[in-house]
Every structure is written in C-alpha cells, then in structure tokens.
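Reader: Hi! Could you walk me through this one? I'd like to ask things as they come up.

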There are 2 protein chains.
Amino acid sequence: MSRQMELVLQILRDSPGHMTAAQVFEHARKQLPNISLGTVYRDLGRLFDDGEIGKLLLPDGSSVYDRTSDLHGHLICSQCGKIEDIEDNSLADQLRRIAGDTLTKAEIIAEHLCPDCQNSISKS
Amino acid sequence: MSRQMELVLQILRDSPGHMTAAQVFEHARKQLPNISLGTVYRDLGRLFDDGEIGKLLLPDGSSVYDRTSDLHGHLICSQCGKIEDIEDNSLADQLRRIAGDTLTKAEIIAEHLCPDCQNSISKS
DNA sequence: CCTCAAATCAGGAATGATTCCTAATACAAT
DNA sequence: ATTGTATTAGGAATCATTCCTGATTTGAGG
C-alpha cells in the first residue's frame, strides 16, 4: 500500500461522515502537497473494490465515500444535503435476505427533510 | 403537456422495464424524427419531478427511468446489467417508516448475480 | 379567425465529475 | 546497486447530462 493510499484511507477513517473525492484531495494535499486528484480517485476506487471503504451515489450523480463498507441505509436532506447513517440495520438484513448470497454491493438512500430544515421552513 | 412529453411518457409506460434517456430518444425519434435528446432529458426530468415516473441511479453513475414512481427495490446483475424489480414491498414500507413523513424520494439498489449469469459462470 | 405572450422546442455548445494516458518516480527483491 | 513492477503527477479525454439561443408552437382573448 503506497504512502498516498494509506493517507487517503486514514483521512476517510478519521472523518466523521462522508467525503467527496475532492474533499479527500483537499485534506490529502496538506500532507502530500504533490498528490493529484487522479491518484485520490484511483486509491479510493481500489479501497472500495477491496471492501475497505464504502461508496455512495448521490441523487445528483456524484459520489461520496464512506469510512466503512458496512451495508447501511442513508438519509439525505433534500434541503441542506446533510447525510445521516441509518443505524437500524434491519433494513440491510432484509435486503441481504432478498438479494441472495451473490449480493456484492448495495445502496439504500432516502431523501427527506432533516429536523433543522423542517424547523427553519416552518418558521418562515 | 406537449406532444413530445406525451410521447416520452407513453414510450416509458409501454416499456416493460427500465430505459436510459438515450433509449427513450431512439424510440421517440421513430415517431417524431426531429425530437432532440435535450428535450427527452427535459421531459423525463419534468415527469420525474411531477411524480409520474421513477428514476434510478446506476452504480456507473448513469440513470435509467422507470415507468412507475412507486418506491420499490431493484436488483441489478453485476455481470449482465439486467435490472429486476423487487416485488416484496416490505423493504419500501420499512424505509418509509424510518425516513419519516418528509420522505420525498428513495432508492434501493442491490448488485448481485442473476440466475442466468450464475449458471454460465459455474459451467465454464 | 388573428394576435401576442408564454411555453416549448431543436440543435449544439458547455459543464463537471470521473477516467484514461504517458512519461517519470518509487519500491522490492534478488 | 540493478532490474522489473507498481504507482505517481499532471493533464487530456470522456461522456452523461445540463444549459443556451434563436426559432416554433400553443392557446387564450379579442
């Protein structure tokens, strides 16, 4: 595992939430100023293929990477874009049951309004 | 609703499965030779926003449109790309329960190997 | 029927996230 | 050290999708 790949993994593991490749890149260049965006994409792709990290396709077509590859659902606020993990794993269990034992990857995303955005809307 | 929009909707409703914008475009130009791909995208987007049709983001980042907007899961074969609907709607019900009453859109996708591809692999 | 404003269109250029390419660099093992 | 292999940086290319523009259609009111 190259220095770059280790750094990319560490940045994602240290992050609390979900990051775009560009965000990982911005963090990474603080420690490896010459690292390139292409390398970040390549390493994120490998880590994902190796099952080290997760990848989430957003409704706008771009992706964010997740520090864990555990199958779990996501709630995304259609107003502010905040992404929350669904802790309840019965959803994932059920999907695994339905998809069968050849399931490789899965994605569960629900768009909703987060409590903060609900409040600011109802006030105005 | 314009002639173009009606045609786009009808093509999708008549299709058995899921179509890309390009596929809808190819079908549409048989009846409206001058229709443009941009119009197909625009009309598909409107129909989706109106809740008339569904939209599904594939793992490769492109989209397919669905003749129904009903929330349901999808199984996609990682070998041949075939997309199947998950008929069991308990998944969708549960997701609705978790996401709350502000849920707007949702997407459930699982990648697996379809029976056909399992067979052809185990034979070879 | 006309007319006019608003909506929609066709066609093509622009966008932007992601991937690909190439020559240069680091690494590991003998 | 030296050879072979993998990885890199940087930038060009890709491609689905969106945006832009001037032309066309629509339909409501006179």
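Reader: How do the residues of the surface near DNA strand C divide into nonpolar, polar and charged?

Author: They divide into 2 nonpolar, 7 polar and 4 charged residues. For that count, Ala, Val, Leu, Ile, Met, Phe, Trp, Tyr, Cys and Pro are nonpolar, Asp, Glu, Lys and Arg are charged, and the others, Gly among them, are polar. Keep in mind that this is a predicted model, where local features need pLDDT of at least 70 and side-chain atom pairs count only at pLDDT 80 or more, while totals for chains, interfaces and linings use all residues. Residues are numbered from 1 along each chain as its sequence is written, chains are lettered from A and ligands numbered from 1 in the order in which they are written, and side-chain values use heavy atoms, with hydrogens and water left out.

Reader: Thanks! Which residues are closest to DNA strand C?

Author: Tyr41(A), Ser2(B), Ile35(B), Thr39(B) and Arg42(B) are the closest of the 13 that surround DNA strand C. A residue is near a strand if one of its heavy atoms lies within 4 Å of it. Among the atoms of DNA strand C that come within 4 Å of the protein, 85% are from sugar and phosphate.

Reader: And which element gives the largest share of that surface?

Author: Helix α3 of chain B, residues 37-49, with 4 residues. Helices here are DSSP runs of H or I with at least four residues, strands are runs of E with at least two, and both are numbered from the N terminus.

Reader: How far is Ser2(B) from a phosphate oxygen of DNA strand C?

Author: An N or O atom in the side chain of Ser2(B) is 2.6 Å from a phosphate oxygen of that strand. A polar contact is a pair of N or O atoms within 3.5 Å; within protein, one must be able to donate a hydrogen and the other to accept it, and residues adjacent in sequence count only if both atoms are side-chain atoms. Ile35(B) uses a polar backbone atom, 3.4 Å from a phosphate oxygen of DNA strand C. For Asp43(B), a side-chain N or O atom is 3.5 Å from a phosphate oxygen of DNA strand C.

Reader: OK, now the other DNA strand. Which residues come nearest to DNA strand D?

Author: Ser2(A), Ile35(A), Thr39(A), Arg42(A) and Tyr41(B), out of 13 around DNA strand D. Here 80% of the DNA atoms within 4 Å of the protein belong to sugar or phosphate, and the rest to bases. Helix α3 of chain A, residues 37-49, gives the most to this surface, with 4 residues.

Reader: What are some of the contacts there?

Author: Thr39(A) has a side-chain N or O atom 2.3 Å from a phosphate oxygen of DNA strand D. A polar backbone atom of Ser36(A) is 3.2 Å from a phosphate oxygen of DNA strand D. Gln4(A) has a polar side-chain atom 3.0 Å from a sugar or linking oxygen of DNA strand D.

Reader: Back to chain B. At what angle do α1(B) and α3(B) cross?

Author: Roughly 70 degrees, and the axes of α1(B), residues 3-14, and α3(B) come within 9 Å. That is why α1(B) counts as roughly perpendicular to α3(B). Axes are lines fitted to C-alpha atoms, for helices over the stretch in contact, and angles run from 0 to 180 degrees between N-to-C directions. Angles under 35 degrees count as roughly parallel, over 145 as roughly antiparallel, 65 to 115 as roughly perpendicular and the rest as oblique.

Reader: Which residues make the contact between α1(B) and α3(B)?

Author: Those of α1(B) include Met5(B), Val8(B) and Leu12(B), and those of α3(B) include Val40(B), Leu44(B) and Leu47(B). Contact means heavy atoms within 4.5 Å. The residues of this contact divide into 7 nonpolar, 2 polar and 2 charged.

Reader: New topic: in what order do the strands of the open sheet run?

Author: The order is β5(A)-β4(A)-β6(A)-β6(B)-β4(B)-β5(B), 6 strands with mixed pairing. Two strands pair if DSSP finds at least two bridges between them. At the edges are β5 (83-85) of chain A and β5 (83-85) of chain B, each pairing on one side only. Inside the sheet, β4 (residues 74-77) and β6 (residues 106-112) of chain A run parallel and are joined by 4 bridges.

Reader: And what lies across it?

Author: Helix α4 of chain B, residues 90-99, lies across β4 and β6 of chain A together with β6 of chain B. This helix runs at about 45 degrees to β6(A).
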